[in-house]
Amino acid sequence: MEDGLSSFWGPVTSTDRCEKNYVHSSYIAEFFNTISNVPGILLALIGLINALRQRFEKRFSVLHISNVILSIGSMIYHSTLQRLQQQGDETPMVWEVLLYFYILYSPDWHYRSTMPTFLFFYGVGFAVVHALFRFGIGFKVHYVILCLICIPRMYKYYIYTKDATAKRLAKLYIATLLLGSICGVSDRVFCKQISNWYFNPQGHALWHVFMGFNSYFANTFLMFCRAQQREWDPKIVHFLGVLPYVKIQKPKSQ
């Protein structure tokens, strides 16, 4: 969408979404697609504070930090619409899924050093290749495959979890994923029709908001499951009666 004020960042060289460019600011190409990442950052910071305060394993702190980095990368990409910034958004997406893969599968992995080593070099290799070559549909297919690999393990955690409140987190994870996907796909497929509407519902921006909550629910559920594995007596409680988080009680020996 090339409409709007002067382009501060130059001609668009990345994938352009269904939002008119430079309408609200001459410094932000896609205003709503940029600011819609703020909820994801705030939720990730809340998760990080909880992980640090209760001394969860470092993997969860890294996971929440990766959510922050991903959201910031998305903000930079949508505010500039430049190819380099788009790659800076897409590469952390893959890194984050690799981190989810490690958290999901490492507890039952017999050769403990092989998985992080493989995932590290896979992530570095992808970053190098992605910096050299521009992927279109290939990136999306690759990303979806990585996500699909995580699903069986998530489902296993779900069926082995007896706590109803924790199960509700998993259901919220699925619900936000579906709602976000509907908004994102609609924004992409029906862009021409939406562009003629008096009001643009900003489907891609809604995707960002839903995915911010989606990541938070996924992380909280995984923290609960890991605490169960470590016998930390986890419970799902709610901040101000609304936002769920994990509260644990470690044995004195730990």
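So, cysteine 147: it has a relative accessibility of 28%, which puts it in the partly exposed class. Keep in mind that this is a predicted model. Why is cysteine 147 too far from cysteine 150 for a bond? Well, the sulfur of cysteine 150 is the closest cysteine sulfur to that of cysteine 147, and the gap is 6.5 Å. To count as a disulfide, the two sulfurs would have to be within 2.5 Å, so that pair is out.

Then there's cysteine 183, which isn't in any disulfide either. For cysteine 183 the nearest cysteine sulfur belongs to cysteine 18, 13 Å away. Cysteine 183 comes out as buried, at 18% relative accessibility.

Okay, how many disulfides does a search of the whole structure find? One. That's cysteine 18 with cysteine 191, at 2.3 Å from S to S. If you like dihedrals, you get 95° about the S-S bond, and the link is right-handed. Now look at where the two ends sit: cysteine 18 is in the segment before α1, which covers 31–35, while cysteine 191 is in helix α8, residues 191–195. They're 173 residues apart in sequence, so this pair ties together parts of the chain that lie that far apart. Both cysteine 18 and cysteine 191 are buried.

Right, on to salt bridges. The general idea is just that side chains of opposite charge can pair when their charged atoms come close. The count here is four.

Let me start with glutamate 57, in the loop between α2 (38–53) and α3. Which arginine has its closest N atom 2.7 Å from an O of glutamate 57? That's arginine 226, and the two form a salt bridge. Arginine 226 is in helix α9, residues 203–229, so the bridge connects distant parts of the chain, 169 residues apart. As for burial, glutamate 57 has a relative accessible area of 16%, so it's buried. Arginine 226 is buried as well, at 14%.

Glutamate 57 also has a salt bridge with arginine 230, where the closest N and O atoms are 2.9 Å apart. Arginine 230 lies in the loop between α9 and β1 (235–239), so this pair ties together parts 173 residues apart in sequence. Arginine 230 is partly exposed, with 30% relative accessibility. And if you zoom out a bit, Glu57, Arg59, Arg226 and Arg230 are linked in a network of salt bridges.

There's also a salt bridge between lysine 235 and aspartate 233, at 3.1 Å from N to O. Both ends are partly exposed: lysine 235 has a relative accessible area of 45%, and aspartate 233 is at 42%.

Last thing, pockets. I want to show you the second largest one, with a volume of about 340 Å³. Its lining has 14 residues, and Trp95, Glu96, Leu98, Leu99 and Leu119 are the ones nearest the centre. Which helix gives the most to that lining? It's α4, with six residues. At least two residues each come from α3 (58–80), α4 (83–105) and α5 (114–132). By class, the lining of this pocket breaks down into 11 nonpolar, two polar and one charged residues.

Technical notes. Residues are numbered from 1 along each chain as its sequence is written. This is a predicted model: local features need pLDDT of at least 70, side-chain atom pairs count only at pLDDT 80 or more; totals for chains, interfaces and linings use all residues. Side-chain values use heavy atoms; hydrogens and water are left out. On a 1 Å grid over the protein atoms alone, a cavity is a set of points where a 1.4 Å probe fits but cannot get out, and a pocket is an open set with protein on both sides within 12 Å along at least five of seven lines; lining residues have an atom within 4 Å of a point. Grid points are joined across faces, edges and corners, and a volume is the space filled by probe spheres set on the points. Helices (H or I, at least four residues) and strands (E, at least two) are DSSP runs, numbered from the N terminus. Ala, Val, Leu, Ile, Met, Phe, Trp, Tyr, Cys and Pro count as nonpolar, Asp, Glu, Lys and Arg as charged, and the others, Gly among them, as polar. A salt bridge is a side-chain nitrogen of Lys or Arg within 4 Å of a carboxyl oxygen of Asp or Glu. Buried means under 20% relative accessible area, exposed over 50%, partly exposed in between (1.4 Å probe, protein chains only).
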